[in-house]
Amino acid sequence: MFEYCVAGDLSYCYKNKRTFNYLNRMKACFIGLGYIGLPTAIIAAQHNLAIIGVDINPRVVETINQGKIHIVEPGLQELCHEVVSKGKLKASLKPEVSDAYLIVVPTPFTADHEPDISYVESATRTVLPFLKEGDLFIIESTSPVGTTEKLADLIFLERPKLKDKIYIAYCPERVLPGNVIYELVHNDRVIGGIDNQSTEKAVEFYRQFVKGELHKTNARTAEMCKLTENSSRDVQIAFANELSIICDKAGINVWELIDLANKHPRVNILQPGSGVGGHCIAVDPYFITADFPMESQIIAKAREINNYKAFWCAEKTQNTIKEFELEYGREPKVALMGIAFKPNIDDLRESPAKYIVTKVMQAHSNGDFLIVEPNINNHNVFKLTDYKKAYNDADVIVFLVAHDEFKSLPWRNDKVILDFCGVFRK
Ligand code: SAJ
């Protein structure tokens, strides 16, 4: 177990070459206060850890120190206010001496679909001067296999005296946006150290605020596990999307088909949609295909199919517009329903719906389009229209995201409706 200093003042004390901390609490420094870093920092603070949250964006730091949040996540605002006002969480532009350092920054991919770990590297460099014997260094950012070992090498190159004296581990997050507070505490986690002692230390750390099981492994397996989870979902969605294209040609209702096939006790097909978006499932499989191009055939194909599905939806929309013009001798008014990457959120990252809207509007530059996204108030590119008004006013309605609001709309025989995401599936 971590041992803590019982002296309740702000000074550090040293005992048995370990660093102990103020107010009887372990101190952890989170680098990156985004969709995962901020909620994790808040939950850890709520469980009595002293937390320093670091972000390079001064507005983010300022917002959090006012007890507010810059992301949308149900219930998080209240928790943030609570831990900040009780002095358990402080945001800062710079790290501070701590017992544990967590790297929770984005890992984007390049135009060639190569993972870019430069943020993880520079976040690691910012904590390098603060590291001391006995500290724990954890990477949570989704990373290609071998990243934790690579960063351990970097740490030991820059701070050779820390070799075998600090603990280094990888622990991916698995929370679903919208349900983050519950899942951060209750989901099982996979924890892999660069050695057994590091794994054990990291398990002790997460035990303080995670109720789910903590599964021990090595760093490479933990890294691959995160990529595997999201690739697995991508492959399963690709199967559903491929089925939807086949069914369109065969004149079969894909939603009914999947419901029926899923009555088999060992079949569980996911739902087709307008493609796969977000910054996880649409990205992480590339971290495998970039490093294992020959071996990752299904994973690469699934990415291709899910990207193609968005292109297919755009083509189908454009063809429907042309058919309307031919039949009625005028341009239709077209409602494009939803631009978020999935239902009931405001997140547009890697959104297939946004891609479809952009592509269709570019192809019909003089077209009459009503863009709908009930989860955001305004957008810097698209002029947004209320969903009921758009549904009433348009001739052609294209459902791109199955937001709850859309499900309450009545079916209209006087409209041309393209339902790519099963709004009317029942
Ligand atoms: N989608 C479908 N059909 C489905 C399910 C999803 O088309 O049946 C689409 C969604 O519309 C969306 C995309 O897939 O465009 C991804 O949505 P999602 O809800 O499957 O996943 P994310 O990206 O919000 O979160 C995923 C989760 N991973 C898995 O379920 C394996 C989450 O647990 C991870 O923590 C998260 O990625 C992450 O951060 O990696």
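**Helix α1**

I began with helix α1 and listed its buried residues: G37, L38, P39, T40, A41, I42, I43, A44 and A45. The model I was reading is a predicted one. Helix α1 spans residues 37-46, and 9 of its 10 residues are buried, so the helix is largely enclosed by the rest of the structure. A residue goes down as buried when its relative accessible area is under 20%.

Next I asked which elements the buried residues of α1 pack against. I found strands β3 (27-31), β4 (50-54) and β5 (89-92), together with helices α2 (58-65), α3 (76-85) and α6 (180-186). Just after α1, I noted that N48 takes a positive phi of about 75 degrees.

**I71**

I then went to I71, in the loop between α2 and α3. Is I71 buried or exposed? Its relative accessible area is 9%, so I wrote it down as buried. Setting aside residues up to four places away in sequence, I found that I71 touches G34, Y35, L38, P39 and L76. Two of these, L38 and P39, I had already met among the buried residues of α1. I also looked up a distance along the way: the C-alpha atoms of I71 and H379 are separated by 16 Å, and the two residues are 308 residues apart along the chain.

**Positive phi in two loops**

Most residues other than glycine have a negative phi. I looked up two residues with a positive value.

D164 is not a glycine, yet its phi is positive, at about 65 degrees. I located D164 in the loop between α5 (147-158) and β8 (167-170). Its relative accessibility is 67%, so D164 counts as exposed; the cut-off for that word is over 50%.

N344 is the other entry, with a positive phi near 60 degrees in a residue other than glycine. I found N344 in the loop between β11 (333-337) and α12 (352-363). N344 counts as partly exposed because its relative accessibility is 36%.

**Domains**

The domain assignment of the chain gave me domain 1 (3-212) and domain 2 (252-419). How far apart do the C-alpha centres of domain 1 and domain 2 lie? I noted 36 Å. The contact between the domains takes 14 residues from domain 1 and 13 residues from domain 2.

**The ligand**

I counted the shell next. 19 residues surround the ligand, and V175, K226, N230, R233 and F341 are the closest. I sorted the shell by type and got 9 nonpolar, 4 polar and 6 charged residues. Where does the ligand lie with respect to the domains? Domain 1 and domain 2 both give residues to the shell, so the ligand lies between them.

I then wrote down three polar pairs. An N or O atom in the side chain of R233 is 2.5 Å from an oxygen atom of the ligand. For E173, a polar side-chain atom lies 2.7 Å from a ligand oxygen atom. With Q271 the protein partner is a polar backbone atom, and it is 2.7 Å from a nitrogen atom of the ligand. Taken alone, the ligand exposes 770 Å², of which the protein buries 86%.

**Three helix residues**

I looked up E242 in helix α8 (residues 219-250). At 37% relative accessibility, E242 counts as partly exposed. Its C-alpha atom is separated by 32 Å from that of I117, and the two residues are 125 residues apart along the chain.

V254 belongs to helix α9 (residues 254-261). With a relative accessible area of 8%, V254 is buried. Not counting residues up to four places away in sequence, V254 touches L243, S244, C247 and P272. I also checked V254 against G422: the pair is 168 residues apart in sequence and 9.1 Å apart in space, C-alpha to C-alpha.

My last entry is Q318, found in helix α11 (residues 297-328). Which residues is Q318 in contact with, leaving aside its neighbours within four places in sequence? I listed K359, V360, A363 and H364. Q318 counts as buried because its relative accessibility is 9%.

Key:
Residues numbered from 1 in each chain as written. Predicted model: local features only at pLDDT ≥ 70, side-chain atom pairs only at ≥ 80, totals over all residues. Heavy atoms only, no water. Near = heavy atom within 4 Å. Polar contact = N/O pair within 3.5 Å; in protein donor to acceptor, adjacent residues only side chain to side chain. Areas by Shrake-Rupley, 256 points an atom, 1.4 Å probe, with all protein chains shown as cover. Nonpolar A, V, L, I, M, F, W, Y, C, P; charged D, E, K, R; others polar. Domains from an automatic or database assignment. Helix = DSSP H or I, 4+ residues; strand = E, 2+ residues; numbered from the N terminus. Buried < 20%, exposed > 50% of the residue type's maximum accessible area, 1.4 Å probe, protein only. Contact = heavy atoms within 4.5 Å.
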